[in-house]
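Q: Please take a close look at the largest pocket of this protein. What lines the largest pocket, and which elements contribute to the lining?

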Amino acid sequence: MANLREAQKQMTRRLLLESGLELFKTKGYAATTVDDIATAAGTTRVTFYAYFSSRSELMKALIDEQLNEALQRVGSPEHGSTAQDLVATVVDGTPEAIMAWLRRTADSWPAIRPIIRAGRDAAVVDPELTDLVERWLEEAISDIEDGLTTAGRLEPHQRHFRGVLAMAQLDFVAQNWDRAAWKLTRDQMLDELGASWVQLLT
């Protein structure tokens, strides 16, 4: 019985997260209320508050849980979260390893893009969330820096900033990969991004 209750609680929480994200996408963060989220999840405001203290707490959970899950990031005492496969890819440093990691990551773009967009939208209106997406990007930059440090590649003063440049490129492409104006196929775009990463990180 306890296991069933726990499963129901997890399902309700997941429904709240999914409903919140869908509403943030369609209505925008500023226009979405706690009542909207609760109703969309088929529950009540009271139930919402049993899981999240505010709309901003739900947004944080989307970043900390769903975004990290989509990108296979796990908790890290040093950085908040880490992606061991990204660190290992940077340590390897071969064009093949970098391209393989970027292609795997690109498969998750449809899932991660709405969360990052909602996070940036939320940061504009909610001071609590000002650095939410940027903090998460900084964790990924730290993974690249760790990989370069482990590999002994580049000068120490270059490593963090190369990570900044690499993640800025990846973030921009991930948010805009379906732009027809770029006149590139997905594979061509990934080839160009991969060539740039190889130049930055090797």
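**The largest pocket in its setting**

A: Of the 202 residues of the protein, 45% count as buried. Keep in mind that this is a predicted model.

Start with the whole protein. It has 10 helices and two strands. Along the sequence, the order is α-α-α-α-β-β-α-α-α-α-α-α. The C-alpha atoms fill a box of roughly 55 × 40 × 35 Å along the principal axes. Take the contacts in the protein with a separation of 6 or more: 67% of them join residues 24 or more positions apart. The accessible surface comes to about 10400 Å². Carbon and sulfur atoms account for 55% of that surface.

Now turn to the pocket. The largest pocket holds about 240 Å³ of space. Its lining is made up of 21 residues. Nearest the centre of the pocket lie L71, W101, T105, S108 and I112.

Next, place the lining on the helices. Five elements each give two or more residues to the lining of the largest pocket: α5 (84-92), α6 (95-106), α7 (109-125), α8 (132-151) and α9 (156-176). The largest share comes from α9, which supplies four residues.

Two of the central residues, W101 and T105, have numbers that fall within α6 (95-106). I112 falls within the range of α7 (109-125).

Last, sort the lining by class. It has 14 nonpolar residues. Three more are polar, and four are charged.

To recap, the largest pocket has 21 lining residues, and α9 gives the largest share of them.

Technical notes: Residues are numbered from 1 along each chain as its sequence is written. This is a predicted model: local features need pLDDT of at least 70, side-chain atom pairs count only at pLDDT 80 or more; totals for chains, interfaces and linings use all residues. Side-chain values use heavy atoms; hydrogens and water are left out. On a 1 Å grid over the protein atoms alone, a cavity is a set of points where a 1.4 Å probe fits but cannot get out, and a pocket is an open set with protein on both sides within 12 Å along at least five of seven lines; lining residues have an atom within 4 Å of a point. Grid points are joined across faces, edges and corners, and a volume is the space filled by probe spheres set on the points. Ala, Val, Leu, Ile, Met, Phe, Trp, Tyr, Cys and Pro count as nonpolar, Asp, Glu, Lys and Arg as charged, and the others, Gly among them, as polar. Buried means under 20% relative accessible area, exposed over 50%, partly exposed in between (1.4 Å probe, protein chains only). Contact means heavy atoms within 4.5 Å. Accessible areas come from the Shrake-Rupley method with a 1.4 Å probe; for residues, only the protein chains shown count as cover.
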